[in-house]
Amino acid sequence: MTLSKPEMLKQSYLFETEERLHSDVEEHIRQLFSLSHSDNIDEYVDEISDKFIGADDASSDIDLDSLVAKFGDSKVPSHPAEFTSYLEYLADNVIAHSIHTASPRFIGHMTSALPYFVQPLAKLMTAMNQNSVKIETAKSLSFYERQALAMLHRQIYNLSDNFYAEHIQNSQSTLGILTSGGTTANITAMWCARNAVLGAKDDFLGVEKEGLTAALNFYGYKGAAIIGSELMHFSFDKAADLLGIGNRGLIKIPVDSNNRVRVRSLRQAVAKCREQNLCIIAIIGIAGTTDSGGVDSLLDIAEIAQEANVHFHVDAAWGGPLVFSQKHRYKLAGIEQANSVTIDGHKQLYLPMGIGMLFLREPQMAQSIEKQASYTMRKGSFDLGKRALEGSRPAMALFLHAGLNLIGSKGYEFLIDEGIRKTQYMANKVRSMSEFELLAEPDTNLLLYRYIPENLRELVAKKQLTEIDNLFINKFNEYLQKSQRQAGRTFISRTMKTSNCFSQEISIVALRAVLANPLTTEDDIDAVLQDQIQIASEISRLEDEKNYSFE
Ligand SMILES: *Cc1c(COP(=O)(O)O)cnc(C)c1O
C-alpha cells in the first residue's frame with residue numbers, strides 16, 4: 001500500500017524523540033506565522049489553479065462512493081504536515097474531483113467563470129483579514145462597503161442626488177446590507193418586514209422584544225403569512241420557519257405556463273388572509289426564478305401590495321442585474337416600487353461565492369432589526385453588524401466595489417445581453433432538432449427542454465403523447481441527466497415542471513440550461529447538445545441490446 005504524503009510525514013515522526021518533536025512543532029508554528037515563506041508555494045498554487053480554471057470538461061468521472069471512502073478518517077493529525085505535500089494531497093484528492101464551474105460546457109447552474117481580478121483581490125482580502133462586523137476591525141472598509149451598496153441601490157431605485165447625498169454615509173440610514181448570499185438576504189428582508197409590521201405601539205414593545213405570540217395577540221391577528229409564487233426559492237421556507245410563522249404560513253400561489261405567478265390568485269390570497277385575520281408580513285415577487293428564470297409581473301404585484309399596505313419584496317437574486325441592460329430592463333419594471341430587493345453578487349454580477357445583498361427603499365427600515373452590544377455596536381456607530389443577521393464576516397465588499405468599477409454598468413450590460421442572446425440561440429437550436437422539445441419560451445437566460453426518445457418523436461409532433469409515454473420520457477431524461485453528470489464532459493441540470501395536459505396537472509422532468517458563462521460559445525452549446533444525443537443513443541442501444549432497463 002502506498003501512503004499519501006501527509007501520512008508519510010506523520011510516520012516519519014514516529015522515529016523522533018518526544019523532546020525533539022516538541023521543538024520541531026514550535027519551530028514549525030513560528031514559521032507558519034512568519035512573513036517569509038518560499039515563493040515556490042505561490043507558483044505551485046498558481047499552477048494548480050490555472051490548470052483548474054482552464055479545464056474544458058465539467059468534472060472527473062469519479063463516483064460518490066469512492067469519495068466517501070477517501071474522507072472517512074476523523075482523527076486530527078497530531079503533527080503538522082509540510083505545506084507542499086499537503087498541497088499535493090489537496091490536488092490529487094480534492095481539486096482533481098471538484099467541479100469546473102468555469103468550464104464553458106458547464107452550463108447547468110448559476111455558478112460560472114469569474115473575471116481574473118478576483119484572484120489577486122482574494123489574496124489581498126485574506127492578507128488584510130478585516131472583520132466587517134464593526135469599525136474597530138474594519139475602518140475604511142465600512143464606508144467603502146456602504147458606497148458600493150449605495151451604487152447598486154441607485155441602479156435599482158434611481159432616487160434623487162439629494163437622497164443619496166443624505167443617506168450614503170449616514171449612520172442612521174441603511175441602503176443595503178451585504179450578506180453571504182441570497183438566502184440570508186431574503187431572511188433578513190422577512191425579518192425587517194415582520195418587525196416593522198408588528199412593531200412597538202403604545203405600551204407594546206414590539207415583536208422584537210415581546211415575541212410573535214404576544215405581537216399577534218396585541219394586534220388581534222390569528223396568525224401570520226408570507227405570500228408569493230409556488231416557485232419561490234426555498235430560502236423563504238427557511239425564513240418562515242425561523243421567524244416563527246411556520247411553513248404553513250408561507251402561502252404559495254400557482255404560476256402560469258410561463259412560470260409567472262397568477263396575479264388574480266395572488267389577489268384572492270391576500271383577500272383570504274384578511275378574512276382569516278392573518279397578518280401578511282410580505283408579498284414576494286420573483287425576478288428570475290431559480291428553476292426557469294421566469295420574471296413575475298412586478299408592476300401588478302406592486303399594486304396589490306400597495307393596496308393592501310403590505311411590504312413588497314422582490315427576490316432578484318438571479319435576475320437583478322438585468323437593471324443594467326437597456327434592452328431587458330423593462331422586464332423588471334416595478335422593482336423600483338419594492339420595499340426591499342435581494343440581489344446575489346455571486347450569480348450575475350460575476351463575483352466569487354459568498355456575496356448576497358439586500359436593498360431597502362426606506363433607509364430607516366433596518367432600524368427594526370437593530371441590536372446593540374456593550375463591547376461595540378454602540379448606538380450611532382457605523383458598525384455594520386448591528387443591522388445584520390451575520391456577525392463576523394469577511395471584506396467581500398472588496399469584490400463588489402471592484403466589480404462595479406472594473407466591469408462598470410456598460411460591462412454588466414454586455415454580460416447580461418450576451419447571456420440572453422445565447423439563450424435565444426440555444427432555444428432556436430433545440431426547437432429545430434427533432435431530438436429535443438422546448439418546454440418554455442425563455443424569459444431570461446435559463447432554458448427548459450427535454451430529450452425525446454426516437455420512437456416517440458412523431459407523437460410529440462402530433463401532440464398525441466399519453467400519460468404513460470410522458471412517464472417514460474421523464475425516466476429517460478432523468479437517467480440521461482445523471483449519465484451526463486457522471487461522464488463529466490459537459491453539464492446540464494434537471495428540474496421538474498408542471499404542465500397542463502390531458503386536462504390535468506402532470507409533472508415533466510426538464511433539462512435546465514443556464515447561459516451565464518461569458519466563455520461559452522455557440523460551438524460549446526452545440527457540443528453540449530451533441531453530447532446529450534450521444535449519451536441518449538447509448539442508453540437506447542443498451543436497452544435494446546441487453547433487454548436492459550434504465551429504470
Ligand atoms: C440563488 C437564489 C436564491 C438563494 O441565494 P443563495 O445565494 O444561494 O443563498 C434565492 N432566490 C433566488 C431567486 C435565487 O436564484
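A polar contact here is a pair of N or O atoms within 3.5 Å. Keep that cut-off in mind for the ligand views below, and remember that this is a predicted model.

**Figure 1. T183 reaches the ligand through its side chain.** An N or O atom in the side chain of T183 sits 2.6 Å from an oxygen atom of the ligand. That pair counts as a polar contact because 2.6 Å is within 3.5 Å.

**Figure 2. D344 and K347 also approach oxygen atoms of the ligand.** For D344, a polar side-chain atom is found 2.7 Å from a ligand oxygen. For K347, the distance from a polar side-chain atom to an oxygen atom of the ligand is 2.8 Å. On its own, the ligand has 380 Å² of accessible area, and the protein covers 86% of it.

**Figure 3. Meet the shell of 14 residues around the ligand.** The closest of these residues are T183, D315, D344, H346 and K347. Which helix gives the most to the shell? Helix α9, spanning residues 182-197, does so with three residues. By character, the shell has eight polar residues, three nonpolar and three charged.

**Figure 4. Helices α3 and α5 pack side by side in a roughly parallel arrangement.** Here we turn to α3 (residues 39-54) and α5 (residues 83-93), whose axes come within 11 Å and cross at roughly 5°. Because of that crossing angle, α3 counts as roughly parallel to α5.

**Figure 5. A closer look at where α3 and α5 touch.** From α3 come I41, Y44, V45 and I48, and they meet F83, T84, L87, E88 and A91 of α5. Seven of the residues in this contact are nonpolar, one is polar and one is charged.

Technical notes:
Residues are numbered from 1 along each chain as its sequence is written. This is a predicted model: local features need pLDDT of at least 70, side-chain atom pairs count only at pLDDT 80 or more; totals for chains, interfaces and linings use all residues. Side-chain values use heavy atoms; hydrogens and water are left out. Axes are lines fitted to C-alpha atoms, for helices over the stretch in contact, and angles run from 0 to 180 degrees between N-to-C directions. Helices (H or I, at least four residues) and strands (E, at least two) are DSSP runs, numbered from the N terminus. Angles under 35 degrees count as roughly parallel, over 145 as roughly antiparallel, 65 to 115 as roughly perpendicular and the rest as oblique. Contact means heavy atoms within 4.5 Å. Ala, Val, Leu, Ile, Met, Phe, Trp, Tyr, Cys and Pro count as nonpolar, Asp, Glu, Lys and Arg as charged, and the others, Gly among them, as polar. A residue is near a molecule or strand if one of its heavy atoms lies within 4 Å of it. A polar contact is a pair of N or O atoms within 3.5 Å; within protein, one must be able to donate a hydrogen and the other to accept it, and residues adjacent in sequence count only if both atoms are side-chain atoms. Accessible areas come from the Shrake-Rupley method with a 1.4 Å probe; for residues, only the protein chains shown count as cover.
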